[in-house]
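Me: I have a structure open in front of me and would like to talk through some of the labels put on it. Could you take me through the reasoning behind them?

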Amino acid sequence: MKRNRRISAVAALALAALVTGTGAGFAATTTPSATPVATHAFDTAPATATAPTRSFHGTLPAPTGPYAAGEDVIHLTDASRPDPWVPSSGPRQLTVTMVYPAVPGTGTPAPYMTLAEAAGVTQRRKMPASYGVTPQNLSSVTTHAFDGARPQRGKHPLVVLSPASENPRMTLTALATDLASHGYVVALVGHTYEDSGETLANGQTPPCAICDHPEKIDFDAEAVSRGRDVSFVIDQLTHGNTAWRLAHLIDKHEIGMAGHSLGGAAAAATMIADPRVRAGVDMDGTFHPVPMPGQINRPFLMLGSDGHTPGSGGMVGKQVWDALGGYKKWLTVAGADHFSFSDLDVLQEQVGFPTPPLSPERGVVITREYVTAFFDQTLKGIHSPLLDGPSPNNPEVAFQS
């Protein structure tokens, strides 16, 4: 449990590290220990940190598939369920970014996040103006997604993405745009009150309600709550076209889910509760709650850093791994850190601060290739030799099981 709390606390500091150059995000590359995590990213600034850039112009890697990535942002309200973290706010409200296969050359460039969401990041992390990161340039990171782009014809598998604890949904944008470019509809789910802010339908961007005391978080309860969020989103996207104007693009019989850190635990929790999710990916996360034998008999991929191994001393443990009864792969990436599987290391590098041994660009490439190959094989029925064993093109990737 110490490891899980530690990762949650580090995840909370990731965006701060992005713009302050403290390297706090790199703490996740160390082995589990009782070493306390700094309460502010500034407390861990390395003596050799490079000078901060004065103007931040972030760009995510371009998608690699044949399609463009279209984007819509939708707002959903679950009238049957009060918000689990702030019940006084009323029914659970969610903001979801839909990314879909689109016709190249259509639509207009989509922002990375709203100004209010970007302000939530900068305000929560107390970012000095001297570092050159403002709500304006953080919100305008180049995503290679396009608002209102014309969709490709046909039906496409749906992949739901859930971010790390305390990280907003947009930190998985690079993966979302690439999946869309390869023929997937992607739903990036913002878990309200669990991060620096998600802009809701009423224009409000409420701050995190559970972030200030991570030691008190019940990760099992949070993962299960995220599973309920995801099942509700799937309901709304597959029952008619009222929730999203392009819901007809979704093949409701081919649904997968991937998540980073706690989002990966949420992928497993969702699969336990919702049989519609046919395949799951956990990127550098553990399991909350721990699955029992027979609860997950569908395909599952574990993709993580070096410490993310199936041995008895690993983050997950062989007993848990053995409980997964379906097709499964466990891959580790040499030199990766906890944020190699999200946008954060790429953006941190562009600010000019230290990065893990694995280059951030390679982290994105590996994450995209293996997650896409896994969903191609499990949702589209397209065999991927990439999953058969080690690849000379990806020497950093080791097959643990």
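**Talking through the labels**

Reply: Happy to. Let's begin with helix 8, whose buried residues are L344, D345, V346, L347, Q348 and V351. Please keep in mind that this is a predicted model.

Me: What makes helix 8 count as largely enclosed?

Reply: Buried means under 20% relative accessible area. In helix 8, residues 344-351, 6 of the 8 residues are buried, so the rest of the structure largely encloses it. Just after this helix comes G352, with a positive phi of about 110°.

Me: And why is strand 9 described as largely enclosed?

Reply: Strand 9 covers residues 300-305, and 6 of the 6 are buried, so the surroundings largely enclose this strand too.

Me: How do you know that strand 9 pairs with strand 8 and with strand 10?

Reply: Two strands pair if there are at least two bridges between them. Strand 8 (residues 277-283) is joined to strand 9 by 4 bridges, and the two run parallel. Strand 9 and strand 10 (residues 328-333) have 6 bridges, again in the parallel sense. Both counts satisfy the cut-off of at least two, so both are pairs. If you want residues to look for, V281 stands opposite L301 of strand 9, and S305 stands opposite V333 of strand 10.

Me: Why is D284 called buried?

Reply: Its relative accessibility is 0%, and the limit for buried is under 20%, so D284 counts as buried. You will find D284 in the loop between strand 8 and strand 9.

Me: What makes the backbone of D284 worth a look?

Reply: Most residues other than glycine have a negative phi. D284 is not a glycine, yet its phi is positive, near 60°. The loop between strand 8 and strand 9 also holds P289, which is joined to H288 by a cis peptide bond with omega about -10°.

Me: How do you know that E166 is buried?

Reply: E166 has 4% relative accessibility, which is under 20%, so it counts as buried. E166 also has a positive phi, about 70°, although it is not a glycine. Look for E166 in the loop between strand 5 (156-162) and helix 4 (173-181).

Me: What makes the length of helix 9 agree with the expected span?

Reply: Helix 9, residues 360-379, has 20 residues, and at 1.5 Å a residue they should span 28 Å. The C-alpha atoms at its ends are 28 Å apart, so the two values agree. As for burial, helix 9 is mostly covered, with 15 of its 20 residues buried. G381 follows helix 9 and has a positive phi near 70°.

Me: Why is the link between C208 and C211 called a disulfide?

Reply: A disulfide needs cysteine sulfur atoms within 2.5 Å. Those of C208 and C211 are 1.9 Å apart, so the pair qualifies. The angle about the S-S bond is 85°, and the link is right-handed. A search of the whole structure finds 1 disulfide. C208, at 12% relative accessibility, counts as buried, and so does C211 at 5%.

Me: Which residues touch the most other members of the largest nonpolar core?

Reply: They are L158, L237 and W244, in a core of 41 residues. Leaving aside neighbours within four places in sequence, W244 has contacts that include I74, M98, Y100 and L237. There is also a second, separate core of 35 residues, with L179, Y370, A373 and L386 among them.

Note on methods. Residues numbered from 1 in each chain as written. Predicted model: local features only at pLDDT ≥ 70, side-chain atom pairs only at ≥ 80, totals over all residues. Heavy atoms only, no water. Buried < 20%, exposed > 50% of the residue type's maximum accessible area, 1.4 Å probe, protein only. Expected span 1.5 Å × (residues − 1). Core = buried A, V, L, I, M, F, W, Y, C linked by side-chain atoms within 4.5 Å. Contact = heavy atoms within 4.5 Å.
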